[in-house]
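Thanks for coming, everyone. Please bring up the sequence and the structure, and I will walk through the layout.

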Amino acid sequence: MVLSRAVSDTDVSVHSTFASRYVRSSLPRYHMPEKSIPKEAAYQIINDELMLDGNPRLNLASFVTTWMEPECDKLVMASMNKNYVDMDEYPVTTEFQNRCVNMIAHLFHAPLGESETAVGVGTVGSSEAIMLAGLAFKRKWQNKRRAEGKPFDKPNIVTGANVQVCWEKFARYFEVELKEVKLREGYYVMDPEQAVEMVDENTICVAAILGSTLNGEFEDVKRINDLLEEKNKETGWETAIHVDAASGGFIAPFLYPELEWDFRLPWVKSINVSGHKYGLVYPGIGWCVWRTKDDLPDDLVFHINYLGTDQPTFTLNFSKGSSQVIAQYYQFIRQGFEGYRNIMENCQENAMVVKEGLERTGRFNIVSKDQGVPLVAFSLKDHTRHDEFEVSDMLRRFGWIVPAYTMPADAQHVTVLRVVIREEFSRTLAERLVLHIDTVMNQLDALPSNSVCQ
């Protein structure tokens, strides 16, 4: 006799994923569901919704790495469950971070003795690194003013209006006045003369950007250093420089080795760099290095021992994954100086392909500079019928994510499109992008005049 039974509602093993009741009804969005669902259904529901995200490889708005070699991916997955702060439990991971800090410090020409170790820390990104560097400058300034019997309640920092928002966060969160050098049309970075002119006795540092987010341009750190040298001699102050090299720190040493922007300049006291940008690591890793131990006040460093041994810590957060630190070390030893140089040269060459392709159309002004981060920032020559936001929107129909944005004060009347060239952006994609931009412009031209620039 053949026995049979009806399949119950809870017997999901015989159901197709898309025929099961778990994907045939909506899940609650803003509160936790009452009952569990099978792992296969949970995966499929989330995976399907994520398909609506943009393609990271075609996201030309971002400076952040979207591809690593499979071998590096394996190391990342194998270390996902390691908490980086457990230094006593994971001493090799801690050693990898220390090696990375020293490699970066030497790359940036820190004045280290033969057996001297570098002073630096791994962070979750350049934003945290900037907060830490800013706090070090503020505390050192406060200590000096306190020792001199002078007021220390009104610190300020001088930056360009082109700085990334993390500088504004630092100023607001830690009660530091942000003194911004305004931009002007055709000059979209901080003017060194204006910056140093704004420096006063309450200035904790001047923040220079090596690779502006707006157009990739390097600010003239050497000129700022030389002007500060003169002003410090005249006033007796010790106003120093922090270099925000989030984007350019892993570019300049390989493409422009003679450019003086780092610890070769005496008033540069700290530098941050993003490992997850041109350091070639997935999001979640930044670095801050100091010129010498004296540039990081001891009273900012905490010591804990409840994880097994005495551990110094200077971070804003505590727990974080080890994967990105390990991935950074992989990239350093895998690529070496030669590999990084080859990758950056290829990025720069592909940026030139895009730039020259856009110039051939005759429709665009190029806003970016040839020396800087490998990107192309450009604007329309003719705004009578189209604007940059429409071009950006139309490009999404081909899958490209190309941002359009207005410049900060006092150049806010200028609107720009920007294409960031990363390691995985091939020559074929560069040529295809130019073709699609030209196609979009022709499509916009074909629209009735009353349907554009509404």
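**Domains, sheets and spaces**

The domain assignment splits this protein into domain 1 (17–53), domain 2 (74–333) and domain 3 (344–446). Those bounds come from an automatic or database domain assignment. Between the centres of domain 1 and domain 3, taken over C-alpha atoms, there are 38 Å.

Some ground rules. This is a predicted model, where local features need pLDDT of at least 70, side-chain atom pairs count only at pLDDT 80 or more, and totals for chains, interfaces and linings use all residues. Residues are numbered from 1 along each chain as its sequence is written, and side-chain values use heavy atoms, with hydrogens and water left out.

Now the sheets. Strands (E, at least two residues) and helices (H or I, at least four) are DSSP runs, numbered from the N terminus. Two strands pair if DSSP finds at least two bridges between them.

Start with the seven-stranded sheet. It is open, with mixed pairing, and its order is β1-β7-β6-β5-β4-β2-β3. β1 and β3 (177–181) stand at the edges with a single partner strand each, so one side of each has no neighbour in the sheet. Neighbouring strands here are turned by 20 degrees against each other on average, direction ignored. For angles, axes are lines fitted to C-alpha atoms, for helices over the stretch in contact, and the values run from 0 to 180 degrees between N-to-C directions.

Look inside that sheet. β6 and β7 (residues 286–290) run antiparallel, joined by five bridges. There, N272 stands opposite C288 in β7. Helix α3 lies across β1, β6 and β7, at about 60 degrees to β7. Contact means heavy atoms within 4.5 Å.

Follow the chain out of α3. In the loop between α3 and β1 sits H109. Its phi is near 60 degrees, a positive value in a residue other than glycine. Most residues other than glycine have a negative phi, and most peptide bonds are trans.

Next, the four-stranded sheet. This one is open too, in the order β10-β11-β13-β12, and the pairing is antiparallel. β10 (364–366) and β12 (404–406) are the edge strands, with a single partner each, so one side of each is left without a neighbour in the sheet. The average turn between neighbouring strands is 40 degrees, direction ignored. Helix α9 packs on this sheet, touching β10 and β11, and its direction makes about 15 degrees with that of β11.

Stay with β12. Three bridges join β12 to β13 (residues 415–420), and the two run antiparallel. T406 has T415 in β13 as its bridge partner. The loop between β12 and β13 holds D410. The peptide bond from A409 to D410 is cis, with omega near 5 degrees.

On to the spaces. The search works on a 1 Å grid over the protein atoms alone: a cavity is a set of points where a 1.4 Å probe fits but cannot get out, a pocket is an open set with protein on both sides within 12 Å along at least five of seven lines, and lining residues have an atom within 4 Å of a point. Points are joined across faces, edges and corners, and a volume is the space filled by probe spheres set on the points.

Where does the largest pocket have its centre? The closest of its 31 lining residues are G120, V121, V301, P312 and T313. Its volume is about 750 Å³. α3 gives the most to this lining, with five residues. β1 (119–123), β8 (302–304) and β9 (311–313) each supply at least two.

The second largest pocket holds about 450 Å³. Its lining has 23 residues, and W141, K144, W237, E238 and T239 are the closest to its centre. α4 provides the largest share, seven residues. β4 (203–209) and β6 (268–274) each supply at least two.

How many cavities of 30 Å³ or more turn up in the whole structure? Two. The largest has about 40 Å³ of space. Its lining is F63, T65, K277, Y278, L280, R422, E423 and E424. Domain 2 and domain 3 each give at least three residues to that lining.

The second largest cavity is about 30 Å³. M352, K355, S368, K369, D370, L375 and V376 line it. α9 (323–361) and β11 (375–380) each supply at least two of those residues.
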